[in-house]
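Welcome, and thanks for taking a look at this one with me. Below are some numbered notes to read alongside the structure.

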Amino acid sequence: MKTFIKHIGQLATIANEGTGAKKGQAMSDLNIIEDGAILFRSGVILAVGTTEQLKEEYAADIQEAMVVNAHGRLVTPGLVDPHTHVAYGGSREKEFEMRLQGKSYMDIMNAGGGIHATMRMTREASEDELFDQTIKRLDSFLKHGVTTVEGKSGYGMDLETELKQLRVMKKLQQSHAIDLVPTFMGAHAVPTEYKGREGEFVDIIIQEMLPVIAEEGLAEFNDVFCEKDVYTPEQSERILEAGKKLGLTPKIHADEIVSYGGAELAAKVGAISAEHLLKASDEGIQAMAEAGVIACLLPATALYLREEAAQGRKMIDAGVAVAISTDCNPGSSPTVSMPLVMNLACISMRLTPAEALTAATYNAACAINRQDTVGSLEKGKKADIVMWDVKSYQELQYLFGVNHVQSVWKNGKKVI
C-alpha cells in the first residue's frame, strides 16, 4: 500500500550531501521543504518534494495511495536514540531521594546501590520478566517519536545475565516496531565480587564473554565505562581492542565524573562514538574532532544528577559531530523523552534548535552506523516518519517539556 503525506508545513528532511555525520555549519542545515510531501510504499520512501511537485510527477502513484493531509504540521525523520540501557530489571526510585539528600553518584554506587543494585535485580529477573519490562519502555519511546534505539547490556556483568539481556533485545528487535541496535557492555562496572581483583574481571570479559557474544552475533558494538574507580584507560583499551578483533565496533563511556583521558582513548582506538563527556579535556575534544569520533551527549543525565552539562557548543565549534540521547536507565536518567532531550540540548548545552534536531536524527543514526537507512527522509530510506503537532522545528524546541507527537510511521506503518 502506498501512502502520500501532503501539505506538510515544514518537511525537515535532514538530508546530507556527504556520507559521515554532520559537523559544524552542516548541523544547522535541515534541508527544509515548505508545503512538503512524502510518498512511500512497503516501508520505503519513493519520493520527497513539494506537494505540487509530487502531485505532478507521481500522479498515477498518488491515485493508488492512501492520502494524509498534514495541515501544515512539522514532519521530521523518526528520532534515533543512540545510547540507552533500556533492558534492565527492577527500579531505583529510592536513590532519587538519596541523591536529593546529598549523596553523590559514586557514593550510592560504592554503598552497593547504583549499577550494582540494577545488576542484582537484572540477574534475578527471568528472561520473560525482562522482556515484559523492556517492551513497555519501547512502547513509550514510540509515543515520543523514537523509531530506532540502541540498547546496551551491562546489568549482568556475568556471562549468563549479559547473554540474557542481549537475547531479550534480539527477540524485541524481531517482534517490536522499533529497531533495536545491540551493544555489549560487560564492562559497565566492576562486580562487587571482583572488587580489588579488577584485572581478573577484565580477563574474563576478554577471554570468556566477548568470544561468546561475537560467536552468537548478539551485539554490534562493545562499550566500556572508562572512569575513575571503574575501568582505567589501560583496561578500557584492552577490552575495546579485544572486541575490535572479534568484529565489534568500539564505543566508550568517557569523562563523565572526572577528566580521565576517555575522549583521547576514543580517538586512539577509533571508537564510533564517545558518550557523556561532561569533563572531557580540550585535548580530548580536539582528538575526537581529528579522529571523527561522534560525541554522544546526554543532557538529561546531567540534569538528573544536577551536574553541569557537557560542552556541546564548544564541541560543535571545534569540529566534533554531536549526537544526543536520553541515556534511558534506571539510576541516572529514567526517561524515554527524546523531545525533552532536544529541549535540554538547546537550554543547557547551547545547541541551536536545528542542531538539536540533527543531533537527534541523522547524527544519532551515524553514532550507531544506521545512517544509510534512517535518520533522514530521502528516497530509498526507511519510511520512519514523525508528524508533530507544531508548525516549525523552532516551535518544537521552544515549547519544552511537552510531547508534541501527532503521528508516527515506522517502516511505513502507522504505529502512533
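1. A word on terms before we start: two residues are in contact when heavy atoms of theirs lie within 4.5 Å. Please also keep in mind that this is a predicted model.

2. Let's begin with the annotated site. In an unreviewed entry, UniProt gives the annotation "binding site" to His83, His85, His253 and Asp327. These residues are spread over 245 residues of sequence, yet they cluster in space, with a largest C-alpha distance of 12.3 Å. His85, His253 and Asp327 are included in the lining of the largest cavity.

3. Where does His253 sit, and what does it touch? His253 belongs to strand β10, which covers residues 249–254. Setting aside residues up to four places away in sequence, His253 touches two annotated histidines, His83 and His85, along with Lys152, Met185, Asp223, Val224, Phe225, Cys226, Glu275 and His276. With a relative accessible area of 2%, His253 is buried, because buried here means under 20%.

4. Now for His83. You will find His83 in the loop between β6 (79–81) and α3 (93–100). The relative accessible area of His83 is 0%, so this residue is buried. Not counting residues up to four places away in sequence, its contacts include His253 and Asp327, both from the annotated list, and also Glu150, Lys152, Glu275 and His276. Others that His83 touches, among them, are Cys296, Leu298, Ser325, Thr326 and Cys328.

5. His85 lies in that loop too, between β6 and α3. Is His85 buried or exposed? Its relative accessibility is 2%, so His85 counts as buried. Beyond its neighbours within four places in sequence, His85 is in contact with His253 and Asp327, and its other contacts include Lys152, Ser153, Tyr155, Met185 and His188. Two polar contacts deserve a look on your screen: the side chain of His85 makes one with the side chain of His83 at 3.4 Å, and another with the side chain of His253 at 3.5 Å.

6. Next, the sheet. What is the order of its strands? This open sheet has eight strands in the order β6-β7-β8-β9-β10-β11-β12-β13, with parallel pairing. The edges are taken by β6 and β13 (322–324), each with a single partner strand, so one side of each has no neighbour in the sheet. On average, neighbouring strands of the sheet are turned by 25 degrees against each other, direction ignored.

7. For one pairing in detail, try β11 and β12. β12 spans residues 294–297, and it pairs with β11 in the parallel sense over three bridges. Among the residues to find there, Ala274 has Ala295 in β12 as its bridge partner.

8. Two helices lie across strands of this region. Helix α6, residues 127–143, lies across β6, β7 (146–152) and β8 (179–187), and runs at about 140 degrees to β7. Helix α7, residues 159–175, lies across β7 and β8, and its angle to β8 is about 175 degrees.

9. Finally, helix α10. How many of its eight residues are buried? Six are, so that this helix, residues 262–269, is mostly covered. The buried ones are Gly262, Ala263, Leu265, Ala266, Ala267 and Val269. What covers them includes three strands, β9 (221–226), β10 and β11 (273–276), and two helices, α9 (233–245) and α11 (282–291). After α10 comes Gly270, with a positive phi near 70 degrees.

Definitions and conventions. Residues are numbered from 1 along each chain as its sequence is written. This is a predicted model: local features need pLDDT of at least 70, side-chain atom pairs count only at pLDDT 80 or more; totals for chains, interfaces and linings use all residues. Side-chain values use heavy atoms; hydrogens and water are left out. UniProt positions are given in the numbering used here, feature names are shortened, and annotations may be inferred rather than shown by experiment. On a 1 Å grid over the protein atoms alone, a cavity is a set of points where a 1.4 Å probe fits but cannot get out, and a pocket is an open set with protein on both sides within 12 Å along at least five of seven lines; lining residues have an atom within 4 Å of a point. Helices (H or I, at least four residues) and strands (E, at least two) are DSSP runs, numbered from the N terminus. Buried means under 20% relative accessible area, exposed over 50%, partly exposed in between (1.4 Å probe, protein chains only). A polar contact is a pair of N or O atoms within 3.5 Å; within protein, one must be able to donate a hydrogen and the other to accept it, and residues adjacent in sequence count only if both atoms are side-chain atoms. Two strands pair if DSSP finds at least two bridges between them. Axes are lines fitted to C-alpha atoms, for helices over the stretch in contact, and angles run from 0 to 180 degrees between N-to-C directions.
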